Amino acid sequence: MQFQLGKHWRKASWTQKLLFPLMLALGWGAGMPSTMAAQTVTIRLGPFQQSVALVDLEKFAKTGRLPEGLEILSPVLTSQVRELLTKRLEINPAVADRFIDNLVRSPAGRQFISSLGGVIPGSTAESIKATLNFALRQANGFNALSFLRAYPGENITVDATKAVGLAVEFNPNNLQSQAFGLLLERELSAESSIPFKAAFDPAALGNQAVQEQTIVLNDRQRNRIIPVDIYSSQGNTLNPLVVLSHGFGANRRFLSYLARHLASHGITVAAVEHPGSNVDAVSKASDTQNLAKLLSATEFIDRPKDISFVLDELAKLNTQLGQLQGKLNTEKVTVIGHSLGGYTALALVGAEINLEQLRQFCKDSLNIGEAPGDWLQCSATSLRERKLKVKDERVRSAIALNPLVGKLFGKKGLTQVTKPVLVLSGTEDALTPALKHQIEPFTQLGGEKYLLTAIGGTHLSISDPIHPESAATTIVKERRGEETKSLRQLTKGVSLAFIKQLTPEAKIYQPFLTPAYAQSLSTPELPLRLTSELPASIKQWLTPVER
């Protein structure tokens with residue numbers, strides 16, 4: 001999934017842009033209680049300076065009305081700025097110390113604090129960390145106003161030029177996930193002095209010769225032309241059929257290395273191209289700057305239906321003479337999806353889409369400080385339904401790699417899933433941040449489940465180096481290629497072991513669904529963890545799940 005900056009950001013005035021990063025940055029903290037708390041904030045842009053009394057900002061945030069004398073700032077104090085002033089970040093006060101500790105240990109966290117110091121002339125890393133630490137202890141959360149209200153000194157000055165740079169580089173949800181990643185690395189560590197040993201390596205290429213062919217299917221009822229790449233070998237007819245669903249702005253070859261690996265172990269793989277959200281569809285979109293309009297709402301229905309249609313057609317091919325006869329076990333299917341494909345896989349395995357709750361989020365909570373994935377999910381809000389089920393009973397398990405989840409399934413939609421699910425999360429994924437899109441959703445899943453975490457992994461870290469996504473240029477840094485090879489190795493081994501749980505060979509492959517196996521492929525540069533249940537020390541970081 002790749003994104004461009006949204007239209008709202010591109011059209012924002014320089015004054016909006018300089019205030020946004022201020023709110024983005026300061027929304028992370030509340031100052032130390034002090035009688036010397038700031039009373040005014042001065043915005044500096046070259047020779048231009050404008051001071052605003054904090055009490056007037058508070059009135060504006062509460063009522064939406066500009067106090068007398070501040071009319072000159074009406075181009076600056078917009079409704080978006082009001083949103084950012086009052087937007088709170090909720091962290092359990094009990095984990096404040098660990099959060100700050102993890103933040104300062106994270107390279108991105110250290111860079112954030114350093115950059116924030118440049119935005120606020122005269123501040124120090126120590127004063128900013130102390131301010132953040134106090135803020136995190138507030139039971140009612142904290143926001144930009146609470147930071148400004150308590151910041152030491154009568155006035156706080158903001159360097160607008162540096163603030164704009166900070167806004168482009170950092171996203172609060174992503175930064176929170178990065179700090180959280182260091183906690184995951186420690187708490188999910190497999191405690192054993194004995195190195196992991198196994199009779200074979202599931203990440204090694206299998207002994208079956210792989211054949212590849214492309215078929216093009218035509219769903220006349222929905223007017224969808226769906227290309228499908230089939231990877232097959234002599235195989236074992238007891239193995240499930242695997243279907244691959246690519247991400248937004250990608251194509252069916254995005255995970256071709258994984259398809260070839262599984263086929264070499266006797267598993268037939270069908271890599272589906274979704275015509276409404278592939279790289280061609282995105283490049284031809286009429287509005288490529290507005291994430292909420294870049295994707296058709298119907299694609300959230302059509303993608304799962306693409307898979308169901310393909311299964312119908314493959315079931316016919318399975319009975320016909322030819323290369324694929326008897327190799328397409330369409331009654332026992334595992335769907336593997338990346339990003340928007342991860343959503344597709346979860347929807348097919350039984351997650352219930354809650355459009356009513358999604359609309360509420362997109363109306364009340366969405367702002368320019370949210371991650372690109374949060375904007376993209378709001379494309380679905382124009383669908384007429386309140387709830388939506390596209391479950392296919394033939395799908396027996398799902399692997400969701402960096403899935404786009406957010407608010408798509410509401411508070412309880414994922415509790416409907418009772419079949420096995422494996423979720424991959426990258427703690428430096430700026431497009432679908434780990435906490436809100438993968439880790440909290442993981443806790444809601446009702447059946448057998450596994451969470452694979454790449455500490456430092458990004459949204460595209462598991463992509464095939466030979467077939468990278470080629471839509472619009474990404475707006476965030478990605479870790480790919482050789483430096484994430486260990487993650488792709490683990491993805492191959494764990495995926496094979498997970499799929500084999502639907503076969504008589506389940507017990508043989510079970511050792512590869514353990515924390516010890518994941519950690520055996522871990523590196524200092526990219527720690528890897530696998531768990532089936534989050535410990536209490538991590539759960540207390542998360543928003544309580546309603547059941």
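**A Walk Through a Predicted Model**

Good morning. The charged end of Lys449 sits over the ring of Phe442, at 4.8 Å from the ring centre. I open with this contact as one example of the details I shall discuss. Please keep in mind throughout that the model is predicted.

Let me turn to the interior. As general background, nonpolar side chains in soluble globular proteins tend to be buried together. In this model, the largest nonpolar core holds 89 residues, and those with the most contacts inside it are Phe180, Val228 and Phe409. Helix α13, residues 299–317, provides the largest share of this core, namely seven residues. A second core, separate from it, has 40 residues, among them Ala203, Ala250, Ala263 and Val269.

What does Phe180 touch, once its neighbours within four places in sequence are left aside? Phe180 is in contact with Leu435, Ile439, Ile538, Trp541 and Leu542.

I come next to the aromatic rings. How many aromatic pairs does a search of the whole structure find? The search finds nine. One of them joins Tyr343 and Phe409: the ring centres are 5.8 Å apart and the planes meet at 20°, so this pair is stacked. Tyr343 belongs to helix α14, residues 340–348, while Phe409 belongs to the loop between β11 (395–401) and β12 (421–426), so the pair ties together parts that are 66 residues apart in sequence. Are these two rings on buried or exposed residues? Tyr343 is buried, with a relative accessible area of 0%, and Phe409 is buried as well, at 1%. Elsewhere, ring pairs link Phe196, Phe200, Tyr509, Phe512 and Tyr517 into a cluster.

Since Tyr343 lies in helix α14, let us look at that helix as a unit. Nine of the nine residues of α14 are buried, so the helix is largely enclosed by the rest of the structure. These buried residues include Leu340, Gly341, Gly342 and Thr344. Against which elements do they pack? The partners are β6 (241–245), α13, β8, β9 (353–354), β11 and β12. You will recall that α13 also gives the largest core its largest share of residues.

The two ends of α14 deserve a remark on backbone angles. Ser339 is found in the loop between β8 (333–338) and α14. Ser339 has a positive phi of about 60°, although it is not a glycine, and at 0% relative accessibility it is buried. After α14 comes Gly350, with a positive phi near 125°.

Asn223 makes a useful companion to Ser339. Asn223 also has a positive phi, of about 55°, and is not a glycine. Where is Asn223 placed? It is in the loop between β4 (211–219) and β5 (224–232). Whereas Ser339 is buried, Asn223 is exposed, with a relative accessible area of 69%.

My next topic is covalent linkage. A disulfide is a covalent bond between the sulfur atoms of two cysteines. The count for this model comes to one disulfide. It is formed by Cys362 and Cys378, whose sulfur atoms are 1.9 Å apart. Cys362 lies in helix α15, residues 355–364, and Cys378 in the loop between α16 (372–377) and β10 (387–388), so the pair ties together parts that are 16 residues apart in sequence. The angle about the S-S bond is -90°, and the link is left-handed. Both cysteines, Cys362 and Cys378, are buried.

I shall close with two buried polar residues. The first is His274, in the loop between β7 (269–272) and α12 (279–283). Its relative accessibility is 0%, so it counts as buried. Which side chain is joined to that of His274 by a polar contact of 2.8 Å? The partner is the side chain of Ser245. Setting aside residues within four places in sequence, the contacts of His274 are Ser245, His246, Glu299, Arg303, Asp306 and Ile307.

The second is Ser486, in helix α18, residues 485–499. Why does Ser486 count as buried at 14% relative accessibility? The cut-off for buried is under 20%, and 14% therefore falls below it. Ser486 and Thr523 are 37 residues apart in sequence, and their C-alpha atoms are 7.6 Å apart in space. Apart from residues up to four places away in sequence, Ser486 touches Leu521, Thr523, Leu526 and Leu528.

Thank you for your attention.

Notes:
Residues are numbered from 1 along each chain as its sequence is written. This is a predicted model: local features need pLDDT of at least 70, side-chain atom pairs count only at pLDDT 80 or more; totals for chains, interfaces and linings use all residues. Side-chain values use heavy atoms; hydrogens and water are left out. A nonpolar core is a set of buried Ala, Val, Leu, Ile, Met, Phe, Trp, Tyr and Cys residues joined through side-chain atoms within 4.5 Å. Buried means under 20% relative accessible area, exposed over 50%, partly exposed in between (1.4 Å probe, protein chains only). Helices (H or I, at least four residues) and strands (E, at least two) are DSSP runs, numbered from the N terminus. Contact means heavy atoms within 4.5 Å. Rings of Phe, Tyr and Trp (its six-membered ring) pair if their centres lie within 6.5 Å; planes under 30 degrees apart count as stacked, over 60 as edge-to-face and the rest as tilted. A charge sits over a ring if NZ of Lys or CZ of Arg is within 6 Å of the ring centre and within 35 degrees of the ring normal. A polar contact is a pair of N or O atoms within 3.5 Å; within protein, one must be able to donate a hydrogen and the other to accept it, and residues adjacent in sequence count only if both atoms are side-chain atoms. A disulfide is a pair of cysteine sulfur atoms within 2.5 Å.
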